[in-house]
Amino acid sequence: MLPILGQNSLKDSYGRAIRDLRISITDRCNFRCIYCMPETGVKWKQKSEILSYEELTFLTEVFVSLGITKIRVTGGEPLLRRGVVRFIESLAKIPGIEDLAMTTNAYFLPEFAEKLSKAGLKRVSISIDSLRPRSFELLTKVNALDRVLAGIEAARKYNLTPIKVNMVVMRGINDLEIVDFATFARKYGLVARYIEYMPLDGPGEWRREMVVSGKEIYEQINEHYPLVPLHPNHKSETARRYGFADGTAGEIGIIAPVTEPFCGACSRIRLTADGQIRTCLFSLNEHNLRDLLRNGANRTDIVDFIAEAVLKKEAGHRINEPDFIPPERTMSCIGG
Ligand code: SAM
Ligand code: SF4
């Protein structure tokens, strides 16, 4: 089939316009979140396997010329990679990017927030899965809650807003903190996002019983702080959004990919640190853009390759199918 390339638009075979690119710049991380990475034995990619910033900037510019408007830089932990501020600066110069965001564990944000903001980063999403120091350490294997809180403060100081704070809710691990997390959002005017635990963990210990459903999360919060629905920001919004009925600042977002899949409106593709296009978080096949680029492909070849890859975007994930097979890469290696 011929690539469907309209005016500035990349469309998949189901007619979904692809607007959102998540770029992982490293598979390395200084945390070992239990839902993401095994604690030991992780084999990092070699430097030569990872796309250089020059390669990434060039490819991003090509993606943007094809209609991508939202870029999220992620990892692994993106702030671990040297030169990240200059990379953000080079992305910010690409005309056509309307939203330039980063997902980070915030450990290095106290040092980086000002520089990132000056470089042109618009906003950050920060992972913080527990507000209790001991439980934070059990979840991430690092005693760093204070640093992460300082990172959130720094993001606010340097206007990397709206700040979204992400909590992956796991039954028996941090589900007793659902309401506390909403209290935290209200206190600091944050967007608290509750994410269902997905089968993308390093240790391979995901069990359906550990998933706390979006419905259950909503009911717990709503009982304590009555919620009012908010309109989605855009058609492909992953989170169901709520405000507080009493008018207090802050927002709740519930992301329920397991119990309420939102694949029908998906506008995302991903580029891994080693240059593979992934058309779904759960893809079992990847598209090797790195080797194409390094073998001397010209811009037209790259455009065609991207368009062909997008045409192979899956209708949706198959987490709830009996024959579901999780991808080999963990979330840290895909780029969430
Ligand atoms: N290191 C950065 C961070 O933690 O924010 C960026 C990369 S991390 C892989 C991106 C996001 O993926 C985080 O918000 C994390 O909570 C989420 N994530 C990782 N593993 C997950 C899983 N098994 N289920 C749901 N979300 C997951
Ligand atoms: Fe690292 Fe982020 Fe994965 Fe935690 S979620 S291990 S901080 S990549």
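**Reading backbone, helix and sheet features**

Modeller: Asn159 counts as exposed, with a relative accessibility of 56%. The structure under discussion is a predicted model.

Colleague: Where does Asn159 lie, and what is the sign of its phi?

Modeller: As a general guide, most residues other than glycine have a negative phi. Asn159 is not a glycine, yet its phi is positive, at about 60°; the residue lies in the loop between α5 and β8. Lys141, also not a glycine, has a positive phi of about 70°. Lys141 is placed in the loop between α4 (133–140) and α5, and is partly exposed, with a relative accessible area of 34%.

Colleague: Is the peptide bond from Thr161 to Pro162 cis or trans?

Modeller: Most peptide bonds are trans. The bond from Thr161 to Pro162 is cis, with omega near -5°. Pro162 is found in the loop between α5 and β8.

Colleague: Which strands does helix α5 lie across?

Modeller: Helix α5 (residues 145–157) lies across β7 (123–127) and β8 (164–169), and runs at about 165° to β7.

Colleague: How should one read the burial of a helix, and which residues of α7 are buried?

Modeller: An α-helix has 3.6 residues a turn, so residues three or four places apart point the same way. In helix α7 (residues 214–224), the buried residues are Gly214, Ile217 and Ile221. Viewed down the axis of α7, these buried residues fall within an arc of 65°, and therefore line one face of the helix. The face turned away from the buried side carries the exposed residues Lys215 and Glu223. The cover over the buried residues of α7 includes β8, α6 (178–188), β9 (191–196), β10, β11 (240–244) and β12 (251–255).

Colleague: In what order do the 12 strands form the open sheet?

Modeller: Strands of a sheet pair through backbone hydrogen bonds, either parallel or antiparallel. Here the order is β10-β11-β12-β9-β8-β7-β6-β5-β4-β13-β14-β15, with mixed pairing. The edge strands, each pairing on one side only, are β10 (227–229) and β15 (287–288). Within the sheet, β4 (residues 20–24) and β13 (residues 268–271) pair in the parallel sense over 4 bridges. Leu21 has Ile269 as its bridge partner in β13.

Colleague: Which residues surround ligand 2, and how many of the shell are nonpolar, polar or charged?

Modeller: Ligand 2 is surrounded by Cys29, Phe31, Cys33, Tyr35, Cys36, Met37, Gly76 and Asn105. By class, this shell holds 6 nonpolar and 2 polar residues, and no charged residues.

Note on methods: Residues are numbered from 1 along each chain as its sequence is written. Chains are lettered from A and ligands numbered from 1 in the order in which they are written. This is a predicted model: local features need pLDDT of at least 70, side-chain atom pairs count only at pLDDT 80 or more; totals for chains, interfaces and linings use all residues. Side-chain values use heavy atoms; hydrogens and water are left out. A residue is near a molecule or strand if one of its heavy atoms lies within 4 Å of it. Ala, Val, Leu, Ile, Met, Phe, Trp, Tyr, Cys and Pro count as nonpolar, Asp, Glu, Lys and Arg as charged, and the others, Gly among them, as polar. Two strands pair if DSSP finds at least two bridges between them. Helices (H or I, at least four residues) and strands (E, at least two) are DSSP runs, numbered from the N terminus. Contact means heavy atoms within 4.5 Å. Axes are lines fitted to C-alpha atoms, for helices over the stretch in contact, and angles run from 0 to 180 degrees between N-to-C directions. Buried means under 20% relative accessible area, exposed over 50%, partly exposed in between (1.4 Å probe, protein chains only). The arc is that of the directions from the helix axis to the C-beta atoms.
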